[in-house]
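Student: I am new to this structure and would be grateful for a careful introduction. I should like to look closely at one part, the place where the two chains meet, once the overall picture is clear.

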Amino acid sequence: MIVSRAVTAAVLVLAATVFVPEALRAQGGAAAEGGGGIYDINTGLSVWTLIVFAALVAILGKFAWKPILENVEAREKGIQAAIDEAARLNAEAAQLLAQHRAQLADARRQASELIAEGRAAGEGVRKSIEEKARAEAQQIVERARQEIERERDAAIDALRKESVDLALAAASRLMQQNLDQTKDRQLVERYLGDLTRERNEKKEGSRTGAGARA
Amino acid sequence: MRDETVSKNYAETLFALGQKHDAIAEYGASLDTLAKLLDEDRRFRLFLETPRIDDEQRKQALKRALDGKLPKNVVNFVLVTIDKRRQRLLREISRQYNLLLDAHLEREHVEVTLAREATDETEKLIATKLSGVLGKEAIPHFRVKPEIIGGLVVRTGSTIYDGSIKRRLDGLRRHLLRAAI
């Protein structure tokens with residue numbers, strides 16, 4: 001509707017612009033024939049021009065001005081809304097950006113903390129493994145030392161036993177060779193004499209004890 | 001009742017009879033002879049113990065064989081054991097009788113181990129000395145064991161007197177093994 005009114009107004013203005021100057025020119029031709037100059041004021045033309053202008057203004061004011069303004073206002077509103085939307089989106093984007101930056105910073109901080117924790121845990125594990133390895137090494141060394149001592153003692157014992165057995169075997173062989181009937185009888189006599197003496201001493205002791213008790 | 005207890009009762013009866021007739025040693029020797037015969041002669045043992053022979057016949061045969069060789073009371077004692085069917089215990093009865101005899105005569109049997117055979121003189125010396133040590137008559141039973149090298153080992157009951165060279169060497173060995181290097 002607005003467009004059709006604007007088109008009609010434009011057609012009228014165009015017709016006025018085309019036909020009115022033609023009529024004026026015809027009038028002017030007649031006047032020129034009368035002998036007018038370039039700087040002469042043509043009152044009729046001026047009046048008509050003013051009338052046409054006024055008519056144009058009136059027509060435009062009646063039919064085109066309002067739709068044009070409405071259109072312009074609508075466009076202005078649309079642009080304003082787009083600007084507002086853009087501003088809102090911009091603010092939102094800025095907010096999101098800030099949020100993302102904060103999240104990124106938080107993530108970096110958490111990552112740093114995790115790395116630090118991991119490093120600390122790794123250090124702890126390393127120390128623990130080192131301690132354990134050191135303790136095990138000490139145990140192995142201690143066990144080996146004890147084993148060596150045991151083996152050494154066993155070897156010494158075996159050697160000592162063998163030496164003693166050899167010495168005593170030699171001694172017993174020598175005795176068997178050198179101990180004749182007479183010497184053996186002397187041994188027997190001496191042992192039986194010792195036994196008799198012991199018995200007598202025991203008897204004497206018990207008699208003394210009984211006397212003391214009496 | 002256990003055989004040992006029964007044998008002891010029989011031995012005590014014969015011992016009392018021996019004391020009464022002042023013949024304990026003689027009765028003991030007779031019982032020893034019979035026990036030795038039972039140990040060594042299988043036929044005599046069979047004759048005495050087999051149930052195939054009638055007891056009367058057995059007794060008659062024994063009486064004929066032993067009369068005049070053993071004291072009459074001992075022969076009668078053997079006949080009584082046949083009556084009581086205790087003749088298989090004669091060896092144990094003899095052992096119990098000897099124990100009673102040893103206790104009565106205050107003598108003790110000792111086992112003497114020597115490294116080599118001893119002369120009679122040495123055996124007598126050992127018996128005399130051991131009697132002094134034990135405080136009663138010692139009856140040594142000698143045996144030879146070269147491993148003891150020299151000296152002697154005396155065992156009486158549960159007591160052992162070890163005067164052998166082997167024991168001394170063993171002691172020396174223990175001492176040397178204990179000694180610190």
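How many helices and how many strands are there in chain A? With that settled, please give a close account of how chain B touches chain A.

Tutor: It should be said at the outset that this is a predicted model. Chain A has three helices and zero strands, and its pattern along the sequence is accordingly written α-α-α. Of its 214 residues, 4% are buried.

Chain B combines both kinds of element, with eight helices and four strands. From one end of the sequence to the other, the order is α-α-α-α-α-α-β-α-β-β-β-α. Chain B has 181 residues, and buried residues make up 24% of them. When contacts in chain B between residues at least 6 apart in sequence are considered, 66% join residues at least 24 apart.

We may now turn to the part you asked about. Where the chains meet, 22 residues of chain B are in contact with 21 residues of chain A. On the side of chain B, the elements that give two or more residues are α7 (120-134), β3 (151-156), β4 (159-164) and α8 (165-178). Of these, α7(B) gives the most, with seven residues. By class, this side of chain B consists of 14 nonpolar, five polar and three charged residues.

One pair of helices across this meeting place deserves separate attention. Helix α2 of chain A, residues 43-178, and α8(B) have axes that come within 10 Å and cross at roughly 155°. An angle over 145 degrees counts as roughly antiparallel, and α2(A) and α8(B) are therefore roughly antiparallel to each other. Their crossing is right-handed. From α2(A), the residues taking part are A:Arg160, A:Lys161, A:Val164, A:Leu168, A:Ala171, A:Ser172 and A:Met175. They meet B:Ile165, B:Leu169, B:Leu172, B:Arg173, B:Leu176 and B:Leu177 in α8(B). This contact of α2(A) with α8(B) has nine nonpolar residues, one polar residue and three charged residues.

The two chains also share a nonpolar core. In soluble globular proteins, nonpolar side chains tend to be buried together. The largest nonpolar core here has 19 residues, and those touching the most other members are A:Val188, A:Leu192, B:Val112, B:Leu130, B:Leu152 and B:Val154. At least two residues each come from α3 (181-213) of chain A and from β1 (107-114), α7 and β3 of chain B. The greatest contribution to this core is that of α3(A), with four residues. B:Leu130 gives a view of the surroundings: leaving aside residues up to four places away in sequence, B:Leu130 touches A:Leu192, B:Val110, B:Ala138, B:Pro140 and B:Val154. Another core, of 16 residues, lies apart from the largest one and includes B:Ile24, B:Leu34, B:Leu90 and B:Ile93.

A helix pair within chain B can be set beside the pair described above. Helix α4 (residues 55-66) and helix α5 (residues 72-83) of chain B have axes that come within 10 Å and cross at roughly 165°. That makes α4(B) roughly antiparallel to α5(B), and α4(B) passes α5(B) in a right-handed crossing. The residues B:Asp55, B:Arg58, B:Lys59, B:Leu62, B:Lys63 and B:Leu66 of α4(B) meet B:Val75, B:Val78, B:Leu79 and B:Ile82 of α5(B). In this contact there are six nonpolar residues, no polar ones and four charged ones.

Finally, two loop residues of chain B have a backbone feature worth locating. B:Asp22 is not a glycine, although its phi is positive, at about 55°. B:Asp22 is found in the loop between α1 (3-20) and α2 (24-40) of chain B. A residue with 12 or fewer C-beta neighbours within 10 Å is exposed, and B:Asp22, with 8 such neighbours, counts as exposed. B:Ile149, likewise a residue other than glycine, has a positive phi near 70°. The loop that holds B:Ile149 runs between β2 (137-144) and β3 of chain B. Here the threshold for being buried is 20 or more other C-beta atoms within 10 Å; B:Ile149 has 22 and is therefore buried.

Technical notes. Residues are numbered from 1 along each chain as its sequence is written. Chains are lettered from A and ligands numbered from 1 in the order in which they are written. This is a predicted model: local features need pLDDT of at least 70, side-chain atom pairs count only at pLDDT 80 or more; totals for chains, interfaces and linings use all residues. Axes are lines fitted to C-alpha atoms, for helices over the stretch in contact, and angles run from 0 to 180 degrees between N-to-C directions. Angles under 35 degrees count as roughly parallel, over 145 as roughly antiparallel, 65 to 115 as roughly perpendicular and the rest as oblique. A crossing is left-handed if the near helix is turned anticlockwise from the far one by less than a right angle, and right-handed if clockwise. Two residues are in contact if their C-beta atoms, placed from the backbone, lie within 7 Å. Ala, Val, Leu, Ile, Met, Phe, Trp, Tyr, Cys and Pro count as nonpolar, Asp, Glu, Lys and Arg as charged, and the others, Gly among them, as polar. A nonpolar core is a set of buried Ala, Val, Leu, Ile, Met, Phe, Trp, Tyr and Cys residues joined through C-beta atoms within 7 Å.
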